[in-house]
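Here's a quick tour of the empty spaces in a protein chain, and of what packs around them. Have a look at the model first, then we'll go through it.

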Amino acid sequence: MRPQRKNSIVVSFSGLDGAGKSTQIRNVCASLSAKGCRTQVLAFWDNVVLLPGLRAGIAHALFRGEQGIGGPGKPVRRRDKNVRHWAVDLARALLYFLDAVRLRKVFAQQLRAGADLVILDRYIYDQMANLPLKNRVARGYVRLLNTMVPQPDLALLLDADPAQACARKPEYPVEFMEECRSSYLRLAELVGMRVVPVGSLDEVGRTIEDLLWPRLAPCLSSKAPSLDAVTVA
């Protein structure tokens, strides 16, 4: 049984590392805060995933990749989600199932918190995209997992050019990022994410507003000053 929905609007941001999710989330929060709407941001890895520190430590110990976040001029050679092996995919599938169970609880808690907008910085979709979606069994598993988890009111996939994403956040080879982009686009068709096309910062922001603002109309209208409150000079 899925959590009962209340008045909060839930939107998830997914996409490649370096696609600009954090920047767009900050812009949405700033805009809504200026309008008097309450927002709550949850980072999927920090607030939902089970034992994130332990999992990161095990991945580092097993695969010997570098840790940290890459930046322009400061590349990091990570080895975690870019490791491909059937046994690793099986372990991921099990961990993602446990994360899906926890996600239901976290989702329900956030709906009770009463924010006008709950933003999820990544969602379980970002884990699904790391499974071998060319495989029919993996696609069936993704469909099953998707029936278990709460559905955001709006699930956004920020598309990105892999080379540009790598330049902004150099952590994985471009070839792997191209593979990830194909997986995300395939996943969007499977689970119904809305794809935000590649564009400038402002263009992407406007597309997000066009998709999000109609869903927030009740909140925005309730925060707008009434005619009685307007003083005519």
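How many cavities of 30 Å³ or more does a search of the whole structure find? Two. Keep in mind that this is a predicted model, and that the values below are computed from it.

**The chain as a whole**

Some context before we go inside. The protein chain has ten helices and five strands. Along the principal axes, its C-alpha atoms fill a box of roughly 70 × 45 × 30 Å. The radius of gyration is 19 Å, which agrees with the value near 17 Å for a compact globule of 233 residues. Of those 233 residues, 46% are buried. Take the contacts between residues at least 6 apart in sequence: 79% of them join residues at least 24 apart.

**The spaces at a glance**

| Space | Volume | Largest contributor to the lining |
|---|---|---|
| Largest cavity | about 60 Å³ | α4, five residues |
| Second largest cavity | about 40 Å³ | α8, three residues |
| Second largest pocket | about 230 Å³ | α8, four residues |

**The largest cavity**

What sits around the largest cavity? Its lining is made up of Val10, Leu42, Val48, Leu103, Val106, Phe107, Gln110, Leu111, Val118 and Leu120. By type, that's nine nonpolar residues, one polar and no charged. Helix α4 (86–113) and strand β3 (117–121) each put in at least two residues, and α4 has the largest share with five.

Two of these lining residues, Leu103 and Phe107, turn up again as neighbours of tyrosine 123. Leaving aside residues up to four places away in sequence, tyrosine 123 also touches Ser12, Phe13, Ser14, Phe44, Val149, Pro150 and Pro152. Tyr123 belongs to the largest nonpolar core, a set of 65 residues. Tyr123 is among the residues with the most contacts inside that core, along with Phe13, Leu117, Ile124, Tyr125, Leu156 and Leu187.

**The second largest cavity**

The other cavity has a more mixed lining in terms of types: six nonpolar residues, one polar and two charged. Around it you'll find Gly15, Leu16, Leu157, Leu158, Asp159, Ala160, Arg181, Tyr184 and Leu185. Strand β4 (154–158) and helix α8 each supply at least two of them, with α8 giving the most at three.

**The second largest pocket**

Helix α8 comes back here. Spanning residues 174–191, it gives the most to the lining of the second largest pocket, with four residues. The full lining reads Arg84, Asp89, Ala129, Asn130, Leu131, Pro132, Leu133, Lys134, Glu179, Ser182, Ser183 and Arg186. What is the split by type? Four of these residues are nonpolar, three are polar and five are charged.

**One residue on the outside**

Finally, a look at leucine 62, in helix α3 (residues 52–63). Is leucine 62 buried or exposed? Its relative accessibility is 59%, so it counts as exposed, the cut-off being over 50%. Leucine 62 and aspartate 80 lie 18 residues apart in sequence, and their C-alpha atoms are 9.0 Å apart in space.

Note on methods
Residues are numbered from 1 along each chain as its sequence is written. This is a predicted model: local features need pLDDT of at least 70, side-chain atom pairs count only at pLDDT 80 or more; totals for chains, interfaces and linings use all residues. Side-chain values use heavy atoms; hydrogens and water are left out. On a 1 Å grid over the protein atoms alone, a cavity is a set of points where a 1.4 Å probe fits but cannot get out, and a pocket is an open set with protein on both sides within 12 Å along at least five of seven lines; lining residues have an atom within 4 Å of a point. Grid points are joined across faces, edges and corners, and a volume is the space filled by probe spheres set on the points. Ala, Val, Leu, Ile, Met, Phe, Trp, Tyr, Cys and Pro count as nonpolar, Asp, Glu, Lys and Arg as charged, and the others, Gly among them, as polar. Buried means under 20% relative accessible area, exposed over 50%, partly exposed in between (1.4 Å probe, protein chains only). A nonpolar core is a set of buried Ala, Val, Leu, Ile, Met, Phe, Trp, Tyr and Cys residues joined through side-chain atoms within 4.5 Å. Contact means heavy atoms within 4.5 Å. The radius of gyration is taken over C-alpha atoms; the globule rule is 2.2 Å times the number of residues to the power 0.38.
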